[in-house]
There are 2 protein chains.
Amino acid sequence: MREFFYPSSVAVIGVSSLPTNLGRNIVANLVEYGFNGIVYAVGPRGGMIETRRIYRTVGDIPDNVDLAVILTPAHTVPGILEECGQKGIRWVIIETAGFSEYANEALQIEEEMIRVADEYGIRFVGPNCIGAINMENGLCVPFPRLRKFVKPGDVSIITQSGGVGMSALNLMANDGLGLNKFVSVGNMLDIEAEDMLEYLITDEGTSLIFLYLESIRDGRRLMEIARRSKKPILAFKSNIGKLGQNIALSHTVSLTSDDKVVDAAFHQAGIIRIHDATSFGNNLKILELPPMKGDNLAIISRSGGHAVIAADACELSGFDLAHFPDSYLRRIEKHFRASVIRLTNPLDLGDLFDLDVYAEIVEQTLQLDDVDGVVFLHTSLSEAENQTSRLLLERLIELVDKYHKPVAYYVSAAAQEVSYLKQNYNFPIFTLVVETIRALEISHRYYVQSQKVHTRQDIPTFEVDKAEVRSLIERAKAESRDLLLSEALAILESYSIPTVRGIVALTVAEARTAAEEIGYPVAIKIIAEQISHKSDVGGVQLNLRNSPAVAAAFEDMMTRIQVAYPEAGVDGILVQPMVTGGRELILGGRQDPQFGPVVMVGLGGIFVEIFEESVVRVAPISRHEAVEMIESLRGAQILQGARGHKRSDIEALVEALLRLSQLLVDFPEIKELDINPLRLFHARGGCRALDARMILG
Amino acid sequence: MREFFYPSSVAVIGVSSLPTNLGRNIVANLVEYGFNGIVYAVGPRGGMIETRRIYRTVGDIPDNVDLAVILTPAHTVPGILEECGQKGIRWVIIETAGFSEYANEALQIEEEMIRVADEYGIRFVGPNCIGAINMENGLCVPFPRLRKFVKPGDVSIITQSGGVGMSALNLMANDGLGLNKFVSVGNMLDIEAEDMLEYLITDEGTSLIFLYLESIRDGRRLMEIARRSKKPILAFKSNIGKLGQNIALSHTVSLTSDDKVVDAAFHQAGIIRIHDATSFGNNLKILELPPMKGDNLAIISRSGGHAVIAADACELSGFDLAHFPDSYLRRIEKHFRASVIRLTNPLDLGDLFDLDVYAEIVEQTLQLDDVDGVVFLHTSLSEAENQTSRLLLERLIELVDKYHKPVAYYVSAAAQEVSYLKQNYNFPIFTLVVETIRALEISHRYYVQSQKVHTRQDIPTFEVDKAEVRSLIERAKAESRDLLLSEALAILESYSIPTVRGIVALTVAEARTAAEEIGYPVAIKIIAEQISHKSDVGGVQLNLRNSPAVAAAFEDMMTRIQVAYPEAGVDGILVQPMVTGGRELILGGRQDPQFGPVVMVGLGGIFVEIFEESVVRVAPISRHEAVEMIESLRGAQILQGARGHKRSDIEALVEALLRLSQLLVDFPEIKELDINPLRLFHARGGCRALDARMILG
């Protein structure tokens, strides 16, 4: 991918001398950004723009061309691509819109483009994109006419929408954040966002990556690349609901994903997900600083009010205020007029403004082992302080460099001065108090999460009876049906997920005999391939305490099923011992179109029904991830034995989750799987799957 | 309060010719802001600043003075106040700090100030504040030297912290939002935030009020004033946690409130609560527009990506995308090149940019009955579009005026242009997409809530037996004890909150007889004034099915109580019939120091234990508020009969809440009250309090 960003020569194809021509803008942008290579303009009518000749075809260009940028009507693109191939150009950016996002006939043009690219070994970005920028060499090929509005820096952007990408650049410019590379990937017909990401994680000039996505093509590859990245990756994934679907489809041909899975995948891969522009700016700023490694913060403020607000935010972000030792306070105290200020954390500086004293206080604070980060809340009350405030900022920059701890610098000052600071210092300037603390929270979370992502080695592999599972699945497939209840339980047993096995009965008499053999009370459940939600149609009867009860329940069940599913063939009923005690959970999994196998756990009953409390992860999961899934359930405390509840056998649940994860990875044929309920017993009682449903789809 | 903002003459006391003197800044600010009255400088050393004479005392001023601003050392303030009184000045702003927020000896000075103010009928703002601004007449008396950085407008600010107030002004300036009045109330020794609020809700120049508070003195008065306000009131209440307490106390002598009660009170009074500066700006901007009365939004965007993001946000904000009728689409269609754009909501304008077409589309959209508000997402791709974009903004302003529906205008453009728009148009400019939709959500919520607040008439008054309750409380008070279980249940019965009455037994024999009389199964509960959490010490035994079980439970209970509370006198045990079925809830209430009586409801058991699910409101509550409390419980769906659960008798619960609310208002002696559990039956089965605890404190 490097070639897209570092060409020695660029041909802009689609240039004319008409004033409305957009190709001209691209040439002008390359000039304005000072591109350090050769620029050729190409357009069928020829002519001149400024002092530059317009070649009629790329073939006319006398020298080699590394990169072509195409902005011509859709139907001309395959032909032009062919000309590029003949010219030996291997890297192309196609900005032309009007392809599959609008009309079906364009599909043919797309296929032709792919064919030509294959033939010549061309890789291309787009179509339907606004191109790329590299601030290092002045490559700037978007078709809107751009001034140099954003400063050079180390943030790189991959965006599926040109408009959103441009807005991100405007926001960065406004916050004084510097850009390294920008690429709009559009319809991703050849080069995908993941390809660009893979390049940028090793790109020298990039130290922070922002991704805007409306769809995810290959979720597992995205996760794999992100896990390898030592650089923070920030992602805004839109198109999460029903209302946006239509427009996303017509805009960049993007399909919706299951947003809960996206959340889980990003978390597992250490990608920081953002949902609005406020957190975009906040993240970019804080990630430019050293990470907040622990959760002890020091707040130093010139305004008591800001200190109060910051302390509140600190609490909400899960931080503690670092304890200031006496020796430190005594050193600080000498700078203050006696009795005016209470020495504590937050430290209220009051009306004192002495540059050296401020710098010394910050330095001594950073030296404290107990301090993982500092928030400096600076309220500049008048223009007279501007010069000193700038010097203070320079001192803070030095201190961050010296102590490798973050100092989040908030400033309240006139807009002009704030803007000066943002433009002239390569250091994040925060202008909102609560948001500053939240930014540090992001820094801390990212640090913790990335440590986990990079030390992820504990995915166990269990010895299981794959052959048995394979044969059950093959049989069902051969009969074009899903797995029966009894088979599903057998599969779980093959993976050593404990179940309550039972006896299959075909008649009342068999059911009675089975119940006697098992011992009362028993439960009976319908086995029928067409009926997947048994409970809804009376296909589950619990707590049968004697033989007549079993008989009555059997008859009743058959009658009800007959009414609800007159066409359904019944394969029998399963007689199981009643299992009581412990807590009910739901375990499940399915094959996600973008991310492959995912596993799910939730508390059973009304928790999952009403509160929709469940946690999802992309499989295979590590032992750590399984534990984290359970801990992140609202209600985990109940399992952990809070407030007089008995502690559940969480280890058994972890084990079941890990084995389920392996099953879904081993057998992608299982499209959907539910264990509902899984009964989890107290203490070391283990767990048992009481019912299971597996869909081959 | 008007006199603080519209004086004909101002004496600034504490001015000297020293360059570091802060009083000089005040005089300079008055000049810079063009104060339309007379300014007198006063300082003990006399002399001149610029061409202005410094009077040695206010007594030396030859003419009447309406307002004095004092910024002199704390110990001199009472004397100066006295001089002001003698001079006939009745309105004073005391900016001096160093009072009770720092040292205890200052308490005497404060008392002296109050005495002098009383004697002369002086009302004063402060101390420990930075003064006031009125953009209408150029009154500007803060001690930091201020340029005219914020433009005139209709937003007024009351702030307890000067620093936070100044930051709010900086944020407003940065967003092009206009100020009307500003007042920093500091320690609120005389004039309180509520006094200023009461004035501003009728102040002609103010149409939107922002309050920054670290403490609430008189919560009920605040609610009463807010309920009367026809203007939106925005409040940032900080000092909500443990970490901020210390600094808040030393900063503005502010005590923490129960934040859940603050939330409830603000909601009930229609005050919009914000928690960060992002929502501060967002709220101020959106509330300048007509309200979003319904929940149907139209999104018009120049960028497909922005449209997708906006549609997602729309869904998360609970809005619907308005349906565009065919007739409308046909009118719009003629403006677009065929087949390039899909006509739908969101409407993607693509690369079309025709001012008249844009304006016509927005107008036709506003004309649709089904559209309650419009989001216009404008991405200006180059400077060449700036002029047309400005004209577009002017057209949008006219359309908002014509149709009284909000058009939230988002623009992505170079910083300079955005800044130009903000400074030169009195119209909110949004620069973050998701935040724009969230702003409309605020507008809609505020509209709905303020309709409710202004039509609040359904607080019922029930006929109850107050005399009985009074006598039970008096007896307990006379014996310096809290209410016994049996008394607490009797009080509930007096308010027609159904209980399970029982029989008090003092011996095993009495308990057995009582159980026989009541019929099995029974529950027995300890009655003992020193034991308030009975269950924790085995003071509750349920489901006793026969006489020996009752006897055994009685003995066991006595033994356990003896161990846990060797000193406790036992007043007997209460034998109650076992009540089963329905759902367990918790009802409660207490006297809040700032807001008086509050009521609480929550689902019982693990819901309140583990999930801490409960809802609080300030009493008395209206019938509507009682219903809303129940509906806002997570888990309300269970009561409403979702997913096969039986519907609970919600009307009975509403009735119980309303009666409880009245009880807490009628008898503020009851400091704390719990009904745990209240058993709520299905269908029209009513409810019953099974256990109750009332603390007189």
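This report describes the symmetry of two chains, a helix pair between them and one helix of chain B in a predicted model.

## Basis

Local features require pLDDT of at least 70 and side-chain atom pairs pLDDT 80 or more, while totals for chains, interfaces and linings use all residues. Residues are numbered from 1 along each chain as its sequence is written, and side-chain values use heavy atoms, without hydrogens and water.

## Relation of the chains

A turn of 180° with a shift of 0.0 Å along the axis lays chain A on chain B with an RMSD of 0.1 Å (least squares on C-alpha atoms of residues with pLDDT of at least 70 in both). This is the relation of a two-fold axis. Within chain A, the C-alpha of Thr278(A) comes closest to the rotation axis, at 3.8 Å.

Because 100% of the interface residues of chain A are also interface residues in chain B, the copies meet through the same surface.

## Helix pair H5(A) and H11(B)

Helix H5 (residues 162-175) of chain A packs on helix H11 (residues 304-316) of chain B at about 85°, with axes 5 Å apart. The two are therefore roughly perpendicular (65 to 115 degrees). Gly163(A), Val164(A) and Ser167(A) meet Gly305(B), His306(B) and Ile309(B) in this contact (heavy atoms within 4.5 Å).

## Helix H14(B)

H14 of chain B (residues 386-403) has 18 residues and spans 26 Å between its first and last C-alpha, close to the 26 Å expected at 1.5 Å a residue. Its buried residues (under 20% relative accessible area, 1.4 Å probe, protein chains only) include Arg390(B), Leu396(B) and Tyr403(B). The buried residues of H14(B) pack against helices H13 and H15 and strands S18 and S19 of chain B. His404(B), with a positive phi near 50°, follows H14(B).

Terms used
Chains are lettered from A and ligands numbered from 1 in the order in which they are written. Helices (H or I, at least four residues) and strands (E, at least two) are DSSP runs, numbered from the N terminus. The expected span of a helix is 1.5 Å times one less than its number of residues. Buried means under 20% relative accessible area, exposed over 50%, partly exposed in between (1.4 Å probe, protein chains only). Axes are lines fitted to C-alpha atoms, for helices over the stretch in contact, and angles run from 0 to 180 degrees between N-to-C directions. Angles under 35 degrees count as roughly parallel, over 145 as roughly antiparallel, 65 to 115 as roughly perpendicular and the rest as oblique.
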